[in-house]
Amino acid sequence: MQEYWEIYMKNLDGKPASILFNAGISMDIKKIKYIYPQIAFVKVKLKEPNEKGLLSENEKPEISFLEDKLEASLIKFRIGKYVGRIFHNGYVTFLYYLQFTYNWQDFLNFALDEHSSYKITSAFQQDEDWNYYYNLLYPNTKEWQIIQNHKACDVLKERGDNLYQVRAIEHKAFFNDITKKDKLLKLLEQNGFKIQKEIKNSDGVEGVNFYRIDKPFYHDIDKLTLNLIDILQDYGAIYDGWETSIAKY
């Protein structure tokens, strides 16, 4: 079973939420969803959340210790898989998919015995289709794009890039509806993009490379790529990422 973790911000009920989730497990859900058919949560009220209702630096060590104890208990009792964590509105919620529930209380007792000063609630219910994972934890198209944007920005920054420096940023898109291709290319040109060349992916799907002079700073690249996702969707195409050269100070 593959396992790697992603963290991102999203809006839940009008308030910011920080979400950590196991992205790797998504590739195995079809195989394991009937083995782990129940969603469970442990919800902890934070003692001193920050002004956004998220985890404060002061409380981070204690919550990290609590999370480690939950993980140790999960391994000890072998009841399921840890799939995500949400900080939101003054709480942290840890989510698990369970193989069985008969020793759920044993799991809680072992994990939480040193954390009696916290207000903690817990529960579990059936979720064979893993709806909580897909609809609560898993990012939508735009949230995924922001995750990838910030990873790329981090890499550029580590290499000494001045993210505020404008330069050619190249983009890639593929067509679901080839009949709208010409209209889309014209619209991209009207928005200042230069069409480089038409391409095909490994499955033979037609696409296009295009570029524009922009700056790849976090906020700017998010605004640019999310706008492109909307434009391309309206014309039957899918955005497939960006790249650029390094521009140092």
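**Entry 1: E143**

I began with E143, which I located in helix α5. The model I am reading is a predicted one. I then asked whether E143 is buried or exposed. With a relative accessibility of 14%, E143 counts as buried, because the cut-off for buried is under 20%. I next looked up its contacts, setting aside residues up to four places away in sequence: E143 touches Y8, K10 and Y138.

**Entry 2: the sheet**

I turned to the strands and noted an open sheet of four, in the order β8-β9-β7-β10. The pairing in this sheet is antiparallel. Which strands stand at the edges? I found β8 (194-200) and β10 (237-244) there; each has a single partner strand, so one side of each is left without a neighbour in the sheet. I recorded an average turn of 25° between neighbouring strands, direction ignored.

I also examined one pair in detail. Strand β7, residues 167-175, and strand β9, residues 206-214, are joined in the antiparallel sense over eight bridges. For F174, I identified G207 in β9 as the bridge partner.

**Entry 3: I238 on β10**

I placed I238 in strand β10. Its relative accessibility is 48%, and I238 therefore counts as partly exposed. I checked the distance from I238 to F174: their C-alpha atoms are separated by 5.3 Å, although the two residues lie 64 residues apart along the chain. Leaving aside neighbours within four places in sequence, I listed K172, A173, F174, N176 and L232 as the contacts of I238.

**Entry 4: helices α6 and α7**

I looked up what helix α6 lies across. Helix α6, residues 181-190, lies across β7, β8, β9 and β10. Its direction runs at about 150° to β8.

How far does helix α7 reach from its first C-alpha to its last? I read 25 Å for this helix of 17 residues (218-234), close to the 24 Å expected at 1.5 Å a residue.

I then listed the buried residues of α7: Y218, I221, D222, L224, T225, L226, L228, I229, I231 and L232. L232, one of these buried residues, had already appeared in my notes as a contact of I238. I asked what covers the buried residues of α7. The cover includes α5 (141-158), β7, α6, β9 and β10. Helix α5, included in that cover, is the helix in which I had placed E143.

Last, I noted that α7 is followed by G236, and that the phi of G236 is positive, near 70°.

Terms used:
Residues numbered from 1 in each chain as written. Predicted model: local features only at pLDDT ≥ 70, side-chain atom pairs only at ≥ 80, totals over all residues. Heavy atoms only, no water. Pairing = 2+ DSSP bridges. Helix = DSSP H or I, 4+ residues; strand = E, 2+ residues; numbered from the N terminus. Axes fitted to C-alpha atoms, helices over the stretch in contact; angles between N-to-C directions. Contact = heavy atoms within 4.5 Å. Expected span 1.5 Å × (residues − 1). Buried < 20%, exposed > 50% of the residue type's maximum accessible area, 1.4 Å probe, protein only.
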